Amino acid sequence: MARINSSAELEEVRAAILSARDPNKPCISICAGAGCVASGASEVIAAFKEEIVKRGLEAEIDTKGTGCPGFCERGPILVIYPDEICYVQVQPGDVPEIVSSIKEKTVVERLLFTDAATNEKAVHEYDIPFYKNQERIILGNNIKIDFKSIEDYLAIGGYAALSKSLFQMSEKDVLEEVKKSGLRGRGGAGFPTGSKWEGSSKAPSDIRYVIVNADEGDPGAFMDRAVLEGNPHSVLEGLAIGAYAVGASEGYIYCRQEYPLAVENVNLAIRQAEEYGLLGDNILGTNFNFKVKVHMGAGAFVCGESTALMTALEGRPGEPRPKYVRSNIKGLWQKPSVLNNVETWANVPLIINKGADWFTQYGTATSKGTKIFSLVGKINNTGLVEVPMGVTLRDIVFKIGGGIPGGKKFKAIQTGGPSGGCIPESMLDLEVGFDELTKVGSMMGSGGMIVMDDETCMVDVARYFLEFLTDESCGKCVPCREGIRQMLKTLTNITKGKGKEGDIELLEELAETAVEAALCALGKSAPNPFLSTLKYFRDEYEAHVYEKRCPAMTCKELIAFHIDPALCQACMVCARKCPTGAIIGGKNMIHVVDQEKCTKCGTCFEVCPPRFRAVKKISGEPVPPPIPEEQRVIVRGKGKGAAENE
């Protein structure tokens, strides 16, 4: 590929790419993100290529593997352009029919998304409720481009913002535009991006760095991964613009090693951009030089913290340091360093291209733009959603997420990753924003959202996240190393029925100490899961401690299973399925549960036929004694009842 030496040449290349493409030629874009690949997308892509060659349609139909468009629940997913016909859960066996439908200009009805609430089918991607209630200014391009093709990125306007910055704007102009946009860091803290850049640009130094934080470690979160895998050039372009604005000539992408596809794709993107003259020396023929290196992290959660990440970049153990001086003033190798996460950098080209006023049309008074969330847990539509700031939690859960499976009741939503808080049903109408979430005891975090139904124990939820954070603590400061560990020990005792009076107060004291005295954000925010669940679900803590009862009936040590003799019909289903042989009873014998053998796995409860519902789950009350064996014989009568029992 030829090197591009000016803004005009960039536009000529873009025009040449577009003129070589027929916008009316069908193109099958198949998600090749990690979720769809796990569901068989690679086989689907191979099947399309084989089928098209087999029919001699190479000149008539294009195919491409793309990044993740977000609807992971229904993968493999594909969109056929230009009509934007969307098919879900596509398998290799569906390929011949789809290819035929393209030739015949028909639609394969059975592969369309069907709305479970209305039973209506959605032909186009934008008709699917999961998508039509979003505002996908970043994720929307993932399904349009082949992440291995810089030409695809150029075709949708890629690197125009960098060109505009270099040829039409001064460094100060770029800074002011980003400040005016109100963009706040999407990594969790929500620090104003423009102010951070400005601080670095003014710091006295001849060397500055810009860094991408791609150390996404929240359980269930994969927003940054999807952007870096699916549209790596958008991140590189944002990083280059940031480097120009603050006066940096070197940048780093710190990516955890668990993201090999992201590392591969961004390395390829760097090589392509360098060959085109969009990275490296004399970018676009100017005197702006900027090089990017990728650093693979070891996957430690604490390395998402800015100072720990920079320490790891320097080749030392990733441990945080006190922030007497912010890292944008003294960061990597004591030089001014701007650290933003993947999503933040991806927003920058959009702001430069379309302007701060366009960006601020989305959002609340203090939180502008959109935010990508990873929506997981007890919800029908799991995946990535991008919504304007200010949307309510209710809209995310029910309009986009499709509500709770099995008709169960919504109980809470945890936002902000493992250090976030749990928000109850009474606050479902809360508008999502940095400050709004903080006010109710949670936080934005990097964008993890975990939905919980009424069978979720909130005490156990707090214990689970404290366990994760205890494992991920670097151990450098006492409040985090010892305090969080002690909180975990106390919470574990409570969930095992060993809680005692004073435990709740002890937990509160430990939490307050960690918040005040921990060295970094991991320790300071670690008590959030406990504090928020205690605030909104205190009755559950008290039931565990004082009544030895788990209201959600999930803590194993506080529940028991028994069989109601009046309802048991000796169907043998539970006895056959019990993995430990704890069900006693044969044909025509009322079954009983051997409490000594029972591991409380709940299998008997799940498999008991709904028409009997004989297996009971209890908590906080004694298990009824089994009836004497001579009374367990079922004497079946004749007629309808007997027939049903056979």
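Gln-334 is found in the loop between helix H13 (306-313) and strand E10, helices (H or I, at least four residues) and strands (E, at least two) being DSSP runs numbered from the N terminus. The phi of Gln-334 is near 65 degrees, a positive value in a residue other than glycine. This is a predicted model, in which local features need pLDDT of at least 70 and side-chain atom pairs count only at pLDDT 80 or more, while totals for chains, interfaces and linings use all residues. Residues are numbered from 1 along each chain as its sequence is written, and side-chain values use heavy atoms, with hydrogens and water left out.

Most residues other than glycine have a negative phi, and most peptide bonds are trans. Asn-588 also has a positive phi, of about 65 degrees, and lies in the loop between strand E17 (583-584) and strand E18 (592-593). With a relative accessibility of 29%, Asn-588 counts as partly exposed, where buried means under 20% relative accessible area, exposed over 50%, and partly exposed in between (1.4 Å probe, protein chains only). A cis peptide bond joins Gly-75 and Pro-76, with omega about -10 degrees, and Pro-76 lies in the loop between strand E2 (62-66) and E3. The bond from Tyr-81 to Pro-82 is cis with omega near 10 degrees, and Pro-82 lies in the loop between E3 and E4.

Strands E3 and E4 return in the surroundings of helix H4. The buried residues of helix H4 (residues 95-104) are Val-95, Ile-98, Val-99, Ser-100, Ser-101 and Ile-102. What covers them includes strand E1 (27-31), helix H3 (41-54), strand E3 (78-81) and strand E4 (85-87). Lys-105, which follows H4, has a positive phi near 55 degrees. Glu-120, in the loop between strand E5 (113-114) and strand E6 (121-122), counts as exposed because its relative accessibility is 54%. Not counting residues up to four places away in sequence, Glu-120 touches Phe-113, Thr-114 and Asp-115, contact meaning heavy atoms within 4.5 Å.

Taken as a whole, the chain has 25 helices and 19 strands. Its radius of gyration, taken over C-alpha atoms, is 28 Å, close to the 26 Å that the globule rule (2.2 Å times the number of residues to the power 0.38) gives for 646 residues, so the chain is as compact as a globular protein of that length. Of the 646 residues, 55% count as buried. Among contacts between residues at least 6 apart in sequence, 71% join residues at least 24 apart.

The largest nonpolar core, a set of buried Ala, Val, Leu, Ile, Met, Phe, Trp, Tyr and Cys residues joined through side-chain atoms within 4.5 Å, has 116 residues, and those with the most contacts inside it are Tyr-159, Trp-197 and Phe-290. Helix H11 (residues 232-246) gives the largest share of this core, 9 residues. Leaving aside neighbours within four places in sequence, Trp-197 is in contact with residues including Val-174, Leu-175, Gly-242, Val-246, Val-338 and Trp-345. A second, separate core of 32 residues includes Phe-468, Leu-469, Ala-518 and Leu-522.

The open spaces are described on a 1 Å grid over the protein atoms alone, where a pocket is an open set of points with protein on both sides within 12 Å along at least five of seven lines, a cavity is a set where a 1.4 Å probe fits but cannot get out, and lining residues have an atom within 4 Å of a point. Grid points are joined across faces, edges and corners, and a volume is the space filled by probe spheres set on the points. The largest pocket has a volume of about 1300 Å³. Of the 48 residues that line the largest pocket, Gly-187, Gly-188, Ala-189, Gly-304 and Ala-521 are the closest to its centre. Strand E7 (209-214), strand E10 (337-341), helix H17 (434-439) and helix H21 (521-525) each give two or more residues to this lining.

The second largest pocket holds about 660 Å³ of space. Its lining has 29 residues, of which Lys-378, Glu-455, Thr-456, Met-553 and Thr-554 lie nearest the centre, and H18 gives the largest share, 5 residues.

Among the enclosed spaces, the largest cavity holds about 90 Å³ and is lined by 14 residues, with Cys-578, Ile-583, Cys-598, Cys-601 and Cys-604 nearest its centre.
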